[in-house]
Amino acid sequence: MDMHVAGGRRFAADIDLCDIDERMRPGPMWTGRSVLISRSRLWIRSRRMCYPNASIGAAIHLIDAEPVVLYGAVRRCEYDADSLYDIEIELLSPPSATLLHAIRSASLGQAAA
C-alpha cells in the first residue's frame, strides 16, 4: 500500500464491512482494519478480497461510541501478504438514510428495521 498518499492520515480502527447489492441492501458483514483516511478515501486491510467498483458499506467502531457508517466504492484491491488485502475505498454520498441505518443495524447485530 502506498503510505505516501496526498492528504491521507494514519487511522487505526476496527471496521465492519459489507457489500451493497444492486437493490441497495447490505450483505453479510466481515471485519477489517483501517489504515489511512482522507476526506474522500479510506484505506483498509482485510482478509477478504473486493472487486473494483463494488459498493461497500463500512461501520467504523471507535471506543465507547456508536459506529460511524460510511458508504463508498472499491477503487483498488491488491493482495499484500499474510492472507491480507489492501483495499482503497472512495467515499461517496449514500443513496439513502435507510441504507446507512441498515448497515449500522447489521454491524450491531440487529435486524434492519
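Strands are DSSP runs of E, at least two residues long, numbered from the N terminus. The exercises below use a predicted model.

**Exercise 1. Place E22 in the fold, and decide whether it is buried or exposed.**

Step 1. Find the neighbouring strands. E22 sits in the loop between β2 and β3, and β3 covers 26–37.
Step 2. Check the accessibility. The relative accessible area of E22 is 73%. Exposed means over 50%, so E22 is exposed.
Step 3. Look across the chain. A54 lies 32 residues from E22 in sequence, and their C-alpha atoms are 9.9 Å apart.

**Exercise 2. Describe the overall build of the protein chain.**

Step 1. Count the elements. There are 1 helix and 7 strands.
Step 2. Put them in order. Along the sequence the pattern reads β-β-β-β-β-β-β-α.
Step 3. Test compactness. The radius of gyration is 13 Å, and the globule rule gives 13 Å for 113 residues, so the chain is as compact as a globular protein of that length.
Step 4. Add the dimensions. The C-alpha trace spans about 40 × 30 × 25 Å along its principal axes.
Step 5. Turn to burial and surface. Of the 113 residues, 36% count as buried. The chain exposes about 6,700 Å², with 50% of it from carbon and sulfur atoms.
Step 6. Ask how far contacts reach. Among contacts between residues at least 6 apart in sequence, 53% join residues at least 24 apart.

**Exercise 3. Trace how β6 pairs with β5 and with β7.**

Step 1. Start with β5, residues 55–61. This strand runs antiparallel to β6, residues 68–81, and 6 bridges join the two. S55 stands opposite A73 in β6.
Step 2. Inspect the link. The hairpin of β5 and β6 has 6 residues between the strands, and D64 takes a positive phi near 55° there.
Step 3. Move on to β7, residues 84–91. β6 and β7 pair in the antiparallel sense over 8 bridges. R76 stands opposite E88 in β7.
Step 4. Inspect the second link. The hairpin of β6 and β7 has 2 residues between the strands, and D82 in the turn has a positive phi of about 55°.

**Exercise 4. Work out which strands build the largest nonpolar core.**

Step 1. Size the core. The largest nonpolar core holds 15 residues. I15, L17, I44, I56, V74 and I87 have the most contacts inside it.
Step 2. Assign the strands. β2 (14–20), β4 (41–46), β5, β6 and β7 each give at least two residues to this core.
Step 3. Find the main supplier. β5 provides the largest share, 3 residues.
Step 4. Zoom in on V74. Beyond its neighbours within four places in sequence, V74 contacts residues including Y51, P52, I56, I87 and I89.
Step 5. Look for another cluster. A second, separate core has 6 residues, among them C18, I20, L99 and I103.

**Exercise 5. Decide how many disulfides there are, and examine C18 and C50.**

Step 1. Apply the cut-off. A disulfide needs two cysteine sulfur atoms within 2.5 Å. The count comes to 0.
Step 2. Check C18. The nearest cysteine sulfur, that of C50, is 10 Å away.
Step 3. Check C50. The closest cysteine sulfur to that of C50 is in C77, at 5.4 Å, too far for a bond.
Step 4. Check burial. Buried means under 20% relative accessible area. C18 has 0%, so it counts as buried. C50 has 5%, so C50 counts as buried.

Note on methods. Residues numbered from 1 in each chain as written. Predicted model: local features only at pLDDT ≥ 70, side-chain atom pairs only at ≥ 80, totals over all residues. Heavy atoms only, no water. Pairing = 2+ DSSP bridges. Helix = DSSP H or I, 4+ residues; strand = E, 2+ residues; numbered from the N terminus. Core = buried A, V, L, I, M, F, W, Y, C linked by side-chain atoms within 4.5 Å. Buried < 20%, exposed > 50% of the residue type's maximum accessible area, 1.4 Å probe, protein only. Contact = heavy atoms within 4.5 Å. Rg over C-alpha atoms; globule rule 2.2 N^0.38 Å. Areas by Shrake-Rupley, 256 points an atom, 1.4 Å probe, with all protein chains shown as cover.
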